[in-house]
Structure formats: structure tokens, C-alpha cells
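Please study the sequence and the model shown below before attempting the exercises. Each exercise is followed by a worked solution.

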Amino acid sequence: MLSLNFQSRKTIYDQLYSNIVKLISIGEMKPGEKLPTVRQIASDLGINPNTASKAYQMLEKDGYIYSVVGKGSFISDTIDMKRSRENMINEKILAVIKEAYDFGLTKDEISECFNNCLSKSCERSNNQ
């Protein structure tokens, strides 16, 4: 269900955040569903509870979850799934753009690469 890459440059709390957002976006976690406690998820994943807490705080700040004192954290009922999926895809695209800049590509070259990939993807979709 949740997996972390301890070799990644991406922080553990960002990975946990992204994993939970993805599970919400694809409907694996449903509105109103209770999340594991911070201590439980930290124990299950072998991470510091403060790291799990930071991910939960980010999720709450962004409206993906809400907390009830003494009850726990729950998936928000007001999540816009379309927006959630778009945010997840935007995050991935931004990471690729950053990597392209790191390789020395210009904005125009990146745009051309993106448009070529998009065209190829559309051609594959139309052929299926």
C-alpha cells in the first residue's frame, strides 16, 4: 500500500504525502476513512513519528485530511478528485522539467520534448 524509497532525494515526509495523495486520487482511500495513527504509520514504515506527523500536517493543510481530537485523522469528504489528480500529475511534470533544466535544456527545448511526447501519447490513445 504505502512504500518509501530511502535512497531517494525526495524527503520521506514528501514521499509519504505523495503516496497518500495518490491513494486518495485513485480511490484506494475513501472520504471519511480513518488513517493509521502517526505512531502506527511510523512504526509500520520504520520512520520517525515526527516525519509521519509532518506529512499528516501537510495533508491537513492542503485539505486532504482532517483531524478530530481524540479520534484520529480522516480522509476529507470535500476533496476534489480531479484537482487532486491534476496536482499529482503537475508534481511529476515539474520534477521532469527540473531534471531537464539540470541537463541543460532550454525552455523551448523542454516545451518541444513535452509536445512531442504528448503527440505520441495521443496517437497511441487513438490507436487503441
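The exercises below concern the salt bridges of this predicted model.

**Exercise 1.** State how many salt bridges the structure holds.

*Solution.* The structure holds three salt bridges. They are formed by E91 with K10, by D62 with K61, and by K98 with D102.

**Exercise 2.** Determine which parts of the chain are tied together by the pair E91 and K10.

*Solution.* Step 1: the side chains of E91 and K10 meet at 2.7 Å, N to O, which satisfies the cut-off of within 4 Å for a salt bridge. Step 2: E91 lies in helix α4 (residues 81–102), whereas K10 belongs to the segment before α1 (12–25), so the salt bridge ties together parts that are 81 residues apart in sequence. Step 3: E91 has 35% relative accessibility and counts as partly exposed; K10, at 32%, also counts as partly exposed.

**Exercise 3.** Classify D62 and K61 as buried, partly exposed or exposed.

*Solution.* Step 1: the side chains of these two residues, D62 and K61, form a salt bridge of 3.3 Å, N to O. Step 2: the relative accessibility of D62 is 30%, so D62 counts as partly exposed. Step 3: K61 has a relative accessible area of 69% and is therefore exposed, because exposed means over 50%.

**Exercise 4.** Describe how K98 and D102 are placed in helix α4.

*Solution.* Step 1: the K98 and D102 side chains meet in a salt bridge at 3.0 Å, N to O. Step 2: the two residues are four residues apart in helix α4, so about one helical turn separates K98 from D102. Step 3: both K98 and D102 are exposed.

Notes
Residues are numbered from 1 along each chain as its sequence is written. This is a predicted model: local features need pLDDT of at least 70, side-chain atom pairs count only at pLDDT 80 or more; totals for chains, interfaces and linings use all residues. Side-chain values use heavy atoms; hydrogens and water are left out. Buried means under 20% relative accessible area, exposed over 50%, partly exposed in between (1.4 Å probe, protein chains only).
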